[in-house]
Amino acid sequence: TISCTLDTNIWKPIEKNLAREVLCLEKNKKYILFSAFNGINDERKGFDLLLKSLEKIKLKPQDFTVVIIGKSSSLKDFKISSKYKFKIYENFFNGEDLPLRLIYSACDLVVMPSRLEAFGQVALEAGSCGVPCVSFKETGVEDIIDHKINGYLANYLSIEDLSQGIDYLLEEKNNLNLSVEIRKKVENNFSYEQISKKYKKI
């Protein structure tokens, strides 16, 4: 198997405070990212599971914001969502890297609570920008994340474990270490240079 690839010379970190300044985000807050092309109503992507897990994390609702990339017009239909603050970007910027890099870099972590995930392009892009991800075992994201080395893999569909993963990634020491390690993992395994070698070998 040869994985998807990413241009790690383009998809690279932007200094967090600079990214937040450009996006007019608060510097002293935590930002948790959820991204899905078809938005929050795509059951496969598990937005409802994210909301349930946020009820169990240590951080108080006033101390974090959920950043959403994707269609979010039905947010009010999720009753529990009224507890939290959201920053929403409803388009994908026609695939332009700079706006997405800014959003990734401004966030502390990505949550991919997918019930079904073939690979995990968001985890790859965010990881290349030095942003760690928490997701479920038994999904395609396992190809990218190594548990507690460069991210967190919760037991499949476990809300409790997903919330523990969010807490784990929000701890400053863990976050700094995992940020460095996920960038290394992407460079060493998914860069154009590394993937092209695999094709040449075949």
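A salt bridge here is a side-chain nitrogen of Lys or Arg within 4 Å of a carboxyl oxygen of Asp or Glu. The model is predicted, so local features need pLDDT of at least 70 and side-chain atom pairs count only at pLDDT 80 or more, while totals for chains, interfaces and linings use all residues. Residues are numbered from 1 along each chain as its sequence is written, and side-chain values use heavy atoms, with hydrogens and water left out.

**View 1. Salt bridges, starting with K29 and E26.** The structure holds 13 salt bridges. In the one between K29 and E26, the closest N and O atoms are 3.8 Å apart. K29 is buried, at 8% relative accessible area, while E26 counts as partly exposed at 49% (buried is under 20% relative accessible area, exposed over 50%, partly exposed in between, with a 1.4 Å probe and protein chains only). The side chains of K56 and E160 also meet in a salt bridge, at 3.8 Å from N to O. K56 sits in the loop between α2 and β2 and E160 in helix α5 (residues 159-170), so this pair ties together parts that are 104 residues apart in sequence. Both ends are partly exposed: K56 has a relative accessible area of 44%, and E160 has 42%. Helices (H or I, at least four residues) and strands (E, at least two) are DSSP runs, numbered from the N terminus.

**View 2. A salt bridge within helix α7 (residues 192-201).** E193 and K197 form a salt bridge, with 3.9 Å between the closest N and O atoms. The two residues are four apart, about one turn of the helix. An α-helix has 3.6 residues a turn, so residues three or four places apart point the same way. K197 is partly exposed, with a relative accessible area of 45%.

**View 3. Strand β1 (residues 30-35) and its partners.** Five of the six residues of β1 are buried, so the strand is largely enclosed by the rest of the structure. Six bridges join β1 to the parallel strand β2 (residues 64-69); two strands pair if DSSP finds at least two bridges between them. L33 has V67 of β2 as its bridge partner. The chain passes from β1 through helix α2 (residues 47-54) to β2 in a right-handed β-α-β crossover, a term that applies if, with the strands pointing away from the viewer, the path from the first strand over the helix to the second runs clockwise. Two bridges join β1 to strand β4 (residues 109-112), also in parallel, and there I32 is partnered by L109.

**View 4. Strand β5 (residues 133-136) beside β4 and β6.** C133 and S135 point one way from β5, V134 and F136 point the other way, and all are buried. Three bridges join β4 to β5 in parallel, with V110 partnered by C133. The route from β4 through α4 to β5 is another β-α-β crossover, and this one is right-handed. Three bridges also join β5 to the parallel strand β6 (residues 152-154), where V134 stands opposite Y152.

**View 5. The largest nonpolar core, centred on its best-connected members.** A nonpolar core is a set of buried Ala, Val, Leu, Ile, Met, Phe, Trp, Tyr and Cys residues joined through side-chain atoms within 4.5 Å. Of the 34 residues in the largest one, L33, Y104, V110 and I144 touch the most other members. Helix α3 gives the most to this core, with five residues. Beyond its neighbours within four places in sequence, Y104 is in contact (heavy atoms within 4.5 Å) with W11, L33, V122, E125, A126, C129 and V131. Another core lies apart from it, with 29 residues including F34, L50, I159 and L162.

**View 6. The ring pair F119 and F190.** A search of the whole structure finds seven aromatic pairs. The ring centres of F119 and F190 are 6.1 Å apart and their planes meet at 65°, so the pair is edge-to-face (rings of Phe, Tyr and Trp, with its six-membered ring, pair if their centres lie within 6.5 Å; planes under 30 degrees apart count as stacked, over 60 as edge-to-face and the rest as tilted). F119 lies in the loop between β4 and α4 and F190 in helix α6, 71 residues apart. F119 is buried at 12% relative accessible area, and F190 is buried at 2%.
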